[in-house]
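Student: I have a new model open and want to learn how to read it. Where should we start?

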Amino acid sequence: MELLSGADMLIRSLQDEGIEYIYGYPGGAALHIYDALFRQDKVKHILVRHEQAAVHMADGYARATGKPGTVLVTSGPGATNTITGIATAFMDSIPMVVLCGQVASTLIGEDAFQETDMIGVSRPVVKHNLSVRHPEEIPEVIRKAYYIASTGRPGPVVVDIPKDMTTPNERYEYVFPKKIKLRSYNPAIRGHAGQIKKAVDMLLAAKRPIIYAGGGVILGKASGQLTELVRMLGYPITNTLMGIGCYPASDKQHLGWLGMHGTYESNMAMHHSDLILCVGARFDDRVTNATEKFCPGARIVHIDIDPASISKTIDADVPIVGPVDAVLKEMITLVKESKEKPDADAIASWWKQIDEWRAFHGMRYETSPDVIKPQEVIEALCRLTKGEAFVTSDVGQHQMFAAQYYKFDKPNRWINSGGLGTMGFGLPAAMGVKLTHPDDEVLCITGEGSIQMNIQELSTCNQYNLPVKIINLNNQALGMVKQWQDMNYESRHSQSYMESLPDFIKLAEAYGHVGVRIDRKEDLETKLKEVLAMKDRLVFVDIYVDRFEHVYPMQVARGSMKDMWLSKTERV
Amino acid sequence: MRRIISVLLENEPGALSRVVGLFSQRNYNIETLTVAPTEDETLSRLTVTTTGSDKVIEQITKQLNKLIEVVKLVDLTEGSHIERELMLVKLKATGSQRAEIKRTVDIFRGQIVDVTSSVYTVQLAGDSDKLDGFIQAVGTSGVLEVVRTGVSGIARGEKVLSL
């Protein structure tokens, strides 16, 4: 029988759970745990400079590897600083466990120093939260936390650990549970066979079908099955911002992504389709535009692990609750076995129509002889990294440009805060990726607004040698805010101008990194090449781009999917 | 439309706050809420009455089911069911009012459970409409205090909500 303190049990449980890295920041209520961490070397701890960054780092790690991320912070401000990160992970269904110190159970409710009701504060933004009520429970609570975080529709789980649960001199028997079973939590393991059959029949009978795939395909590790099914059918596919990489962007059946800043052809194809097969997406308002005008002629098959995502905003004709990989696999088998084949003539004329839409816009943008266009920067990066980099982004125009012009052929490589839209996400997320992918190129595409929200992490990068490349598309304004002000507020740029920007080059150097400024168009490609050649250095690339550029296409507010601005002057 | 949703919930600290939080977080209505442990002490039974379109009610039941601590739930209004609410009401009762109130209580099959020289305390059980009807019948001017438990409900016939 092995006797361990609560703190040792916690660390031991993490080891037994197979956790490699935790990201965190120590403090009073977590000190017993930090001491236990010190006395072992299996679980590695990364010390960030702000707790929010620890969560984004764990998040970036989770998105790139598909494994749950782990965060450790102290009570009170340590815990509340994680909230934005947790909400970010919650909105994008990212598996994560956040371990929070808490004041001793005897002090809870007394407004003790650094006491916050973290269970209450986090409740609306977690998949679940748990508090430890006896040290002996710790292994089971930890196992439960990871089980809930990583099964079904994944999400963040908070574990609140009062300090007296980790007291060093109180030891208990350590038993790590082999299996966790919860009577009230049983995620679906397969879809309903009858519904799947119905869906396949509808797919094969469709004249203007489209596949609409989302982040669920990446989270469900179902890119292989999706690609197989789509190629087998020969139908067009579009995906959401979160689904980028779930199907190769360079494939001719891929129409790009859809929604507010999606491609013209994908929005047009959605609007005119007669059948939408939605796989692991959730008809978010940034996709559908006005729901009452959404795809009037389409019947909808919706596959999702979360029943609450089905018919939430758009009613599904055929709902299928189940893991996307298992459901797609069954669909592939049924398509193979079916005597019915897709209507070749109808599909050919559907493609003819789509190709016309494709040729009509083709993601064109105006270039200028001397000003660097943000789109050009992304295209250059995509070329120079052969489309194989891991790209994280912050939130705003740069995020849309990165998603539009970097072509991802693989899943897990486009990492952004799609649901919550968290500025400050990009750099720490990139660090989480780089830590576990040291040989891969990791780019953080950001703007001068977003990067300043977690700029302090340049220090962490120095400590742990994380040579990410920060691509700062500097337009000296909060670009997306400014774009909306241009379009909806007669260009009254209320608080969207970034005055007094720091000298990013000196700033990067102050943190021990390299800073490179690019402000001449003719230097763009050569300087980017030099930057990418500095394999073992973090390089902050401050690129002065067109200050007046807008992101297009852009759906017209309250319109249907086909109502778009294609440039500052063209509206369809 | 008014619905009565009955939920079996893990009897854990914080479980109730998740249910209540869900309603406010997603902008759903709660009209009444009752909760108490069941014969199985690991489970609580919670009854919530709410209003909303069919789409909203579908979301409410799905979102409730998503809560890790919700074991099972049923929308009682989907089938025939019995609903009861208990009300305690203090009424001004002096002079000729005393006999009149006593008669009204009898008609509504209530009971006078406490008496002073000027006040009757009445206990009344029934569906919510009946309790409203009683208040109307005695007239609001004589009502000093009203306490209602909120609705509890159970399905008619063989159907049971259990593990």
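Student: How many residues of chain A are in contact with chain B?

Tutor: One caution before the count: this is a predicted model. An interface can be described by its residue contacts. Here 13 residues of chain A are in contact with 15 residues of chain B. The size of an interface is often given as the accessible area lost when the parts come together. What we have here is a residue count.

Student: Which residue classes make up the side of chain A that touches chain B?

Tutor: That side of chain A divides into 6 nonpolar, 4 polar and 3 charged residues.

Student: What scores does the model carry?

Tutor: The model has ipTM 0.94 and pTM 0.97. For chain B, the average pLDDT is 96, and 100% of the residues score at least 70.

Student: Now take chain A alone. Which domains does the assignment give?

Tutor: Chain A is assigned domain 1 (3-173), domain 2 (193-361) and domain 3 (374-551). Take the pair formed by domain 2 and domain 3 of chain A. Their C-alpha centres are separated by 31 Å. In the contact, domain 2 of chain A supplies 12 residues and domain 3 of chain A supplies 13. On the domain 2 side, 8 residues are nonpolar, 4 are polar and none is charged.

Student: How does the radius of gyration of chain A fit with a compact globule?

Tutor: Compare the value with the one expected for the chain length. A compact globule of 572 residues would have a radius of gyration near 25 Å; chain A has 24 Å, so the two agree. The C-alpha atoms of chain A fill a box of roughly 75 × 60 × 40 Å along the principal axes. Of its 572 residues, 54% count as buried.

Student: What share of the contacts in chain A joins residues 24 or more positions apart?

Tutor: Set a minimum separation of 6. Then residues 24 or more positions apart account for 77% of the contacts in chain A. As for elements, chain A has 21 helices and 22 strands.

Student: Let me try a single helix. Which residues of α2 in chain A are buried?

Tutor: Start from the geometry. An α-helix has 3.6 residues a turn, so residues three or four places apart point the same way. In α2 (residues 31-38) of chain A, the buried residues are A:His32, A:Ile33, A:Ala36 and A:Leu37. They cover an arc of only 145° around the axis, which puts them on the same side of α2(A).

Student: What do the buried residues of α2(A) pack against?

Tutor: Their partners are α1 (6-17), β3 (44-47), β4 (69-73) and β5 of chain A.

Student: Next, backbone torsions. What is phi of A:Ser93?

Tutor: A positive phi is flagged here in a residue other than glycine. For A:Ser93, phi is near 55°. A:Ser93 sits in the loop between α5 (83-91) and β5 (96-102) of chain A.

Student: Why does A:Ser93 count as buried?

Tutor: Count its neighbours. A:Ser93 has 25 C-beta neighbours inside 10 Å, so it counts as buried; the cut-off is 20 or more.

Student: What about A:Gln476: where is it found?

Tutor: A:Gln476 is in the loop between β18 (469-474) and α19 (479-488) of chain A. Its phi is near 55°, again positive. With 16 other C-beta atoms within 10 Å, A:Gln476 is partly exposed.

Student: Is the peptide bond from A:Tyr552 to A:Pro553 cis or trans?

Tutor: Read omega. For this bond omega is near -5°, and the bond is cis. A:Pro553 lies in the loop between β20 (539-544) and β21 (554-555) of chain A.

Student: Last, chain B. Which elements does chain B have, and in what order?

Tutor: Chain B has 4 helices and 9 strands. From the N terminus they run β-α-β-β-α-β-β-α-β-β-α-β-β. Along the principal axes, the C-alpha trace of chain B spans about 55 × 35 × 30 Å. Of its 163 residues, 27% are buried.

Student: How many residues of domain 1 of chain B are in contact with domain 2 of chain B?

Tutor: First the bounds: chain B is divided into domain 1 (2-79) and domain 2 (82-152). Their C-alpha centres lie 29 Å apart. The contact involves 6 residues of domain 1 and 5 residues of domain 2 of chain B. On the domain 1 side, β2(B) gives the most, with 3 residues. By class, that side has 2 nonpolar, 4 polar and no charged residues.

Notes: Residues numbered from 1 in each chain as written. Chains lettered and ligands numbered in written order. Predicted model: local features only at pLDDT ≥ 70, side-chain atom pairs only at ≥ 80, totals over all residues. Domains from an automatic or database assignment. Contact = placed C-beta atoms within 7 Å. Nonpolar A, V, L, I, M, F, W, Y, C, P; charged D, E, K, R; others polar. Helix = DSSP H or I, 4+ residues; strand = E, 2+ residues; numbered from the N terminus. Rg over C-alpha atoms; globule rule 2.2 N^0.38 Å. Buried ≥ 20, exposed ≤ 12 C-beta atoms within 10 Å, placed from the backbone. pLDDT = per-residue confidence, 0-100. Arc of directions from axis to C-beta.
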